[in-house]
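Reader: I'm new to this, so could you take me through the structure below with some questions and answers?

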Amino acid sequence: MDIRTNTIAGWILAAVLVALGLGNISHLYFKAEPLEKPGYPIEGAVEAGAAGPAAPEVPIEVMMASADVSKGAEVFKKCASCHTITQGGANGIGPNLWATVGEAIAVGKAGYAFSDALKAKGGKWDFATLNEWITNPRKFASGTKMSFAGLADPAARANVIAYLNAQGSNIPLPPVPAAAAANTLTTPNDPPLDGNAAAPANAAAPVASK
């Protein structure tokens with residue numbers, strides 16, 4: 001390598017060192033500060049964390065007041081692969097569901113083998129308990145054998161509970177609390193509260209458990 005090449009390489013190296021030095025010095029004098037608000041506010045935009053509260057769940061007593069048994073029969077068709085609902089019907093993958101509303105949880109049903117998780121719940125299958133169970137079986141009884149994820153549509157839940165009640169139970173519907181009746185605008189004929197459609201027709205229904 002000749003003197004000319006060494007000189008050029010030296011100047012290039014010097015230029016790089018100067019650039020790095022200036023960059024480090026500039027950081028000491030110029031610091032980026034996060035903006036408290038966007039420089040150009042956008043009309044209608046919602047800031048992070050500023051969203052309003054979620055819509056409250058409609059009480060099951062309100063939903064049951066307008067529940068439709070015939071629509072519940074359609075919802076129950078999703079359950080037929082696991083459950084029967086005729087008087088004296090045989091248990092299948094899930095227990096027979098005749099006269100389930102008002103019955104003790106996880107007992108009877110011709111000796112059906114309920115999970116220990118469901119047996120530990122105690123109590124009875126009243127309207128509110130059935131609503132909670134159908135919404136999310138695994139949350140209701142962690143460890144249940146029920147594989148269904150839950151039915152998100154509150155109208156569909158009310159309808160299928162009304163249908164269950166008509167099959168051998170016929171328990172009077174729960175009274176609607178005065179405050180809930182005055183403040184609730186949604187009925188079972190409205191779209192689902194969470195915007196989701198009813199469960200697909202090939203899904204197993206959540207009605208009674210294992």
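Author: Sure, and a definition comes first: buried means under 20% relative accessible area, exposed means over 50%, and partly exposed is in between (1.4 Å probe, protein chains only). Helices (H or I, at least four residues) and strands (E, at least two) are DSSP runs, numbered from the N terminus. This is a predicted model, where local features need pLDDT of at least 70, side-chain atom pairs count only at pLDDT 80 or more, and totals for chains, interfaces and linings use all residues. Residues are numbered from 1 along each chain as its sequence is written, and side-chain values use heavy atoms, with hydrogens and water left out.

Reader: Which residues of H3 are buried, and where do they sit around the axis?

Author: The buried ones in H3 are Gly 72, Val 75 and Phe 76. Going by the directions from the helix axis to the C-beta atoms, they cover an arc of only 95°, which puts them on the same side of H3.

Reader: Which helix gives the most to the largest nonpolar core?

Author: A nonpolar core is a set of buried Ala, Val, Leu, Ile, Met, Phe, Trp, Tyr and Cys residues joined through side-chain atoms within 4.5 Å. The largest one here has 35 residues. Helices H2, H3, H4, H5 and H7 each give it two or more residues. The top giver, with eight residues, is H7.

Reader: What kind of aromatic pair do Phe 76 and Tyr 163 make?

Author: Rings of Phe, Tyr and Trp (its six-membered ring) pair if their centres lie within 6.5 Å; planes under 30 degrees apart count as stacked, over 60 as edge-to-face and the rest as tilted. For Phe 76 and Tyr 163, the centres are 5.4 Å apart and the planes meet at 45°, so the pair is tilted.

Reader: And what about Trp 133 and Phe 140?

Author: Both of these residues are buried, and they belong to one aromatic cluster with Trp 125. Their rings are 5.6 Å apart, centre to centre, with 75° between the planes, and that pair is edge-to-face.

Reader: Is Lys 109, which meets Glu 103 in a salt bridge, buried or exposed?

Author: A salt bridge is a side-chain nitrogen of Lys or Arg within 4 Å of a carboxyl oxygen of Asp or Glu. Glu 103 and Lys 109 meet at 3.0 Å, N to O. Glu 103 is partly exposed, at 24% relative accessible area. Lys 109 has 13% relative accessibility, so it counts as buried.
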